[in-house]
Amino acid sequence: MRAPEFDADESRWSGATAAPTAERTLAVAQALRALLPADCVLSRAEELHPYECDGLAVFRQQPMLVVLPRTEAEVCDVLRACRRLDVPVVARGAGTGLSGGAMPHAAGVVLSLARFNRILELDPLARIARVQPGVRNLAVSEAAAAHGLFYAPDPSSQIACTIGGNVAENSGGVHCLKYGLTLHNVLGLRGCTIDGEPIDLGGRALDSPGLDLLALSIGSEGLLLIVTEVILKLLPKPDLARVVMASFDDVGNAGEAVAAIIAAGIIPSGLEMMDRKATAAVEPFVRAGYDLGAEAILLAESDGTPDEVAEEIAALERVLQARGATAIAVSGSEAERLRFWSGRKNAFPAAGRISPDYYCMDGTIPRNRLGHMLKAIEQMEQQYGLKCMNVFHAGDGNLHPLILFDANRAGEWQRADRFGADILELCVQLGGTITGEHGVGVEKLNSMCVQFSPAERAAFFGVKRAFDPPGLLNPGKAIPTLARCAEYGRMHVRHGQLPHPELPRF
Amino acid sequence: MDDALQQLRQRVLAAHSAGTPLRLRGAGTKDFYGERCEGTQLDMRGYSGVVDYEPSELVLTARCGTSLAEIESLLARHGQFLAFEPPAFGGDPTIGGVIAAGLSGPRRVQAGAARDFVLGTVLLCAHGELLHFGGKVIKNVAGFDLSRLLCGSLGILGAITEVSLKVLPLPRLEQTLRFELAESEALALFNRWAGQPLPISATAWHAGEAWVRLSGAPSALSTACRRLGGELLTADAAATLWRSLRDQTHAFFAHASSLWRLSVPSTAAPLAAGDAQLIEWGGALRWCASALPAAELRARAQAVGGSALHWRGGSAGARLHPLTPAVLDIHRRLKAHFDPRGIFNPGRLIAQL
């Protein structure tokens, strides 16, 4: 899978690019204004400012222009114009992404899908919602609730994040252990190629002819096509859900309890872990009722019919007790269940309250390595002189260590960045991955060099080229070029093989 | 490198350098499926064995030639299973073939399709390199999702040498209810029930009979049985029924010389009145033993937002529902990148590729 000519081609737009000249900006703006009403093309610095970054604010870039098309035809027109004028295009939803995937390109256009905010169809009998990409995640479940249905993926940012962004990142949430990721809950996509051609992938039926381009497009971080419509699968809302909250005086025991729950044949609808630092940060802010004396707490949710939930909760309590839980509480009402979850869902804002800045990691490891990882993170805290609080989607091994730092203090961001990269390299070494649900974006490009070989990365570029031959859609994100990896190549880890396995790593 | 893998690699390298096509094959249980392809057979069964299985991780990793029966019996010993219920078609397919074909059984609506359970693959590509995509963890968004692209690719992009699959605990109890219903009544009920929190894990309809399988906690099943009514099948009869649908050993499949597989929205009105039909997946999968012209059936499926695959019979090279030009272009470019000399299963999935 050697494609050096493409790698060279890709780096044309993927490297650092100088801001365009005023003439170039004017020419592109004029071309776009010929296609869209005046208020749909933003070019003044103060208008561009809000688009400089997404939820990962340490990476900022002012775009050349921002466009806000309102219809699929306008999206196609914009793409054709950008292709003709050789202008990079960065799609953007609500800008809540955590990997800089929507960070603008200096010489490019940000294509905001904010105006694609309508639920086009909700068919309760077929259990589908056809929505525009700018619809907020939570709005789908709110609209479906009247029919006793819901949309399962529920990322913590679900109040604000959009379905288009969820598709781009293959977002998860606290319930994906049982209900799957965005991938498992999207039936079809409609989008525009860089040629300005609408294509349908998947649809209302379960299977489509040919290769599974739908699966390939989900989680493709805006590199393959611009999504204009999404067909979502809706599920019947369970009769009842209850949460068990268990305290542990040792994080290792909490990790083992997670594996024991799964080994007992129980798939909770959510299974989350928070360490002491996380509960301490969250509790004063949310008053969720967390046990502040515990080294770690587990939240395990059971849903189904009342009888089924009662049986499963009893089974969960037995396993948790056998694994040394020091205290167990079960939600007695829906209000209490939501309160137990509120702390978990507010962990990121809580980090923002106790520290000027925080850096959220997103690696995934096999569940049975949770204890090992936590101990390693403790050592890294000392090595880098920074605190880290840990919240985990423990059921699926997805970690969100939150590294606390102060960007105004010299060197702290650099230390946080290296701390994060170390965690991700350890994830790969433990048989996991550098990103579970936040995406690679610009943030984890270097770590991609660690996880994938040059031939594997060339395969990714091959996929990109199959959809986007000129390489204009979100260039410089998600896949690092050969040159970048060579630069980063001071330390190569491949499939857990370190060059000097005998050396202590932390 | 393992000897068997080394041999596969040498064969691929030789084929790539000579530009001679290979026909990848496991146990051959799906020789009838898809398009025929020319090429020297490359038997994938030599590279076999379960590489890794940790029940508490819910992940099993196996080499391509491992038999499905071996994997299923290993999982069953630990109270787990492949929830997408891959069809064996009365034989013992390899896991590589199961994933390359990407077919799913009766539990598809509730549990998901084969591709939903693929966590990682290793691909032996045309240049002889082994490419690792995905991994052994449930959540993984690093790099494009090539593992799932390979699921259902029928080997046209390369040879899958290893797969990691998500596995699930076996349901604690299963029960099947039988109803006498006309096609339209069955479709209406299947859809209505699917919108309620019922533990339905499979549905089927054929010739005036409908079956509904329930899976889960005993308490949930007894509540559901009371709500749904119908006649409870014995455990043996139920197991035989679902196995015969999964493997297509049911009498319906034996007789049809021309069999269509219509993938349509579950709510689509009856599509082929008068023809012998078997319906699965709550109405989303309709098997029609129809002599209608291909264009007519395709038009009917397409009109409701679905597609029609000529499962058995029909003219060579025209079995798959046609792709739109823009989507076919993407297929062409993917094929050209992964298999520039066209050595892997040429024409097996799509006649032109």
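**Confidence, contacts and cores**

Mentor: For residues 492-506 of chain A, pLDDT (the predictor's confidence in each residue, from 0 to 100) stays under 50. The model nevertheless has 17 contacts for this stretch beyond four places in sequence. This is a predicted model, in which local features need pLDDT of at least 70, side-chain atom pairs count only at pLDDT 80 or more, and totals for chains, interfaces and linings use all residues. Residues are numbered from 1 along each chain as its sequence is written, with chains lettered from A and ligands numbered from 1 in the order in which they are written.

Trainee: What is the average pLDDT of chain A?

Mentor: Chain A averages 92, and 94% of its residues score at least 70. Over residues 1-9 of chain A, however, the value is below 50.

Trainee: What makes residues of chain A and chain B count as being in contact?

Mentor: Their C-beta atoms, placed from the backbone, must lie within 7 Å. By this criterion, 77 residues of chain A are in contact with 68 residues of chain B.

Trainee: Which residues have the most contacts inside the largest nonpolar core?

Mentor: They are Val89(A), Leu232(A), Val258(A), Leu298(A) and Ile403(A), in a core of 226 residues. A second, separate core of 43 residues includes Leu214(B).

Trainee: Why is such a set called a nonpolar core?

Mentor: The name applies because its members are buried Ala, Val, Leu, Ile, Met, Phe, Trp, Tyr and Cys residues joined through C-beta atoms within 7 Å. A residue is buried if 20 or more other C-beta atoms lie within 10 Å of its own, exposed if 12 or fewer, and partly exposed in between.

Methods:
Two residues are in contact if their C-beta atoms, placed from the backbone, lie within 7 Å.
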